[in-house]
Amino acid sequence: MDNQDTYSVFVRKSAVSDVKELSNFLAESLDMSFDFIYNRLTTTKSSEVTIKKQVPKSNIEKLIKGNYSGVYFSRDNSRTYPYNEFLTSVLGFTSTDGKGQSGLELYYDKYLSGVDGEILYETDIVGVEIGNSPSYIPAVNGLNLQLTIDFDVQMLCEKAMSDAMEIHQAKRAQMIVIDPSTGAIRGLCNKPSYNLNEIPRDNLDLLNSLSRNSLVSDVYEPGSTFKILTTAANIEEYLKGNKKAYSPNHIFSSSRYRYISGQKVKCWNNHQNGKHSNLDIQGGLNNSCNPIFVDMAMALGKDILYEYINAFNYGSVTGLDFSGESQGMILPKSSVLDVDLARIAFGQTIAVTGVQLAAATSAAINGGVYFTPRLVEKIYDKNGIVAKTFEPVKKRRVISEKASSIINQMLEGVVSDGSGKQAYIEGYRVAGKTGTAQKYQDGHIAAGKYVSSFVGYFPANAPKYLALVIIDEPVGQYYGSTVAAPFAKTVFEGIILTKGLKPLG
Ligand SMILES: [Zn+2]
């Protein structure tokens, strides 16, 4: 992103000798209507009248040649974005006078927008460094942000989600890539979005909806990706010696149904073809068999399951440096019925944000530590002097290293042998979990409307890139395994290529 020079044009009325003549001249030089300018100059009460903002330099040169008294201009800070539709929902947009209105522009406005009332400023174009990891937001008055966003990864996400919109004619397509070992967000993309050089300012509803960082501000029912949480709770409790928790070797009942307080809770699969028979936890994850997770949650009980839900930060904001983060929707523990708990176990009757799920999954597989996700690495001034550095924030330990390593192994199994196969990349140890959730409208299941998702990462032995892909209302196919997982694979392959990552022997 560059700060390309544009100017605002003013007229100080007391210095104007012939209003008509000046109006004519300005109309011609600025490609404006005579009437508009004449009206402003004759009816506006203030002594100084703004005629036009964001005037390019070529028009200003005409004004200089005309040399009319009472005409002034000052440089403003309109921004140009060399990559058009790129990182839109993260950067956000500014008002025409440079005030942050959404995204990082809003959250870090005090650093970015400088001192109020200053019209002139020192141009400071930093732009986005190509082929190197950090991206930059250029400053208005000297302070710059260095983002955690990796330019290459972001490019890959933008491309993948544009493709997803087209291929699946989806309502929305979203992707977040995070470094699970630090919480640094490497890519974040919400589609549809808009070209930052053509902000639809005249349609506020459209602008607000397209500017929304849905991965942070909106919730969705996660479905089976949430089984990672239930598994983590069970494994950790098992290692701690809780007799109610299941051993990884336990073989669960092959019935499609569980009866909870007289209500029938069933598996999405009809259990007819034998694939959901005699499964252990690994088999439950591979086939995404619901009753196995119901059994785990019911055995642990709501007090213990809620301890893990809270520890993994579901139901609270993650603390990401971004405005408007949603805390998700988790039923209060006091009002959770057994049948609710049974459904929570496989990701129903709850709603989470994408960034919550990405951060929580990172904690499950990175050795067991929850890192607060973040978007800014450093704030520095125009001379490159660092004003502030943001270190990784370890919020808390959520499970033991041992439990984390078992979950890691299981999720690698899901990609090598189970429903995550479409994200498999030979030699790179990809791991993950699929999710397919039905959508609700007015409290009822909305027929034919699904959210397909996949959360995956690599390399499983030391995870560096974790991606969550959410495809909202795909047309036709709707399983997370076939709709979402392939896009994680594409982005991972792109990362491997651009970073020159070698296969792991
Ligand atoms: Zn099943």
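Author: Two residues are in contact here if their C-beta atoms, placed from the backbone, lie within 7 Å. In this predicted model, residues 24 or more positions apart account for 68% of the contacts in the chain with a separation of 6 or more.

Reader: What makes α10 and α12 roughly perpendicular?

Author: The axes of helix α10 (residues 227–239) and helix α12 (residues 290–311) come within 9 Å and cross at roughly 85 degrees. Angles from 65 to 115 degrees count as roughly perpendicular, and therefore α10 is described as roughly perpendicular to α12. On the α10 side the contact is made by Lys227, Leu229, Thr230, Ala232, Ala233, Asn234 and Glu237, while the residues of α12 that take part are Phe293, Met296, Ala297, Leu300, Ile304, Leu305, Tyr308 and Ile309. By class, this contact has eleven nonpolar, two polar and two charged residues.

Reader: Why is strand β6 called mostly covered?

Author: A residue is buried if 20 or more other C-beta atoms lie within 10 Å of its own, and in β6 (residues 172–178) seven of its seven residues are buried. Both faces of the strand are covered, with Arg172, Gln174, Ile176 and Ile178 buried on one side and Ala173, Met175 and Val177 buried on the other. For the chain as a whole, 47% of the 505 residues count as buried.

Reader: How do you know that β6 pairs with β16, and what is the bridge partner of glutamine 174 in β7?

Author: Two strands pair if DSSP finds at least two bridges between them; β6 and β16 (residues 465–472) have seven bridges and run in the antiparallel sense, so the criterion is met. Strand β7 (residues 185–191) is also antiparallel to β6, and six bridges join them. Glutamine 174 has isoleucine 470 as its bridge partner in β16 and asparagine 190 as its bridge partner in β7. In the hairpin of β6 and β7, which has six residues between the strands, glycine 183 takes a positive phi near 85 degrees.

Reader: Why is glutamine 169 exposed, whereas glutamate 473 is called partly exposed?

Author: A residue is exposed if 12 or fewer other C-beta atoms lie within 10 Å, buried if there are 20 or more, and partly exposed in between. Glutamine 169, in the loop between α7 (151–168) and β6, has 11 such atoms and is therefore exposed. Glutamate 473, in the loop between β16 and α16 (480–483), has 18 and is therefore partly exposed. Neither residue is a glycine, yet phi is positive in each, near 40 degrees for glutamine 169 and about 55 degrees for glutamate 473.

Reader: What makes proline 503 exposed, and which residues does it touch?

Author: Proline 503, in the segment after α17 (485–499), has 11 other C-beta atoms within 10 Å, and so it is exposed. Not counting residues up to four places away in sequence, proline 503 touches Gly427 and Tyr428. The C-alpha atoms of proline 503 and proline 459 are separated by 9.5 Å, although the two are 44 residues apart along the chain.

Reader: What is the omega of the cis peptide bond that joins phenylalanine 458 and proline 459?

Author: For that cis bond, omega is about -15 degrees, and proline 459 lies in the loop between β15 (444–458) and β16. A cis peptide bond also joins lysine 191 and proline 192, with omega about 5 degrees; proline 192 lies in the loop between β7 and α8 (204–211).

Conventions:
Residues are numbered from 1 along each chain as its sequence is written. This is a predicted model: local features need pLDDT of at least 70, side-chain atom pairs count only at pLDDT 80 or more; totals for chains, interfaces and linings use all residues. Axes are lines fitted to C-alpha atoms, for helices over the stretch in contact, and angles run from 0 to 180 degrees between N-to-C directions. Helices (H or I, at least four residues) and strands (E, at least two) are DSSP runs, numbered from the N terminus. Angles under 35 degrees count as roughly parallel, over 145 as roughly antiparallel, 65 to 115 as roughly perpendicular and the rest as oblique. Ala, Val, Leu, Ile, Met, Phe, Trp, Tyr, Cys and Pro count as nonpolar, Asp, Glu, Lys and Arg as charged, and the others, Gly among them, as polar.
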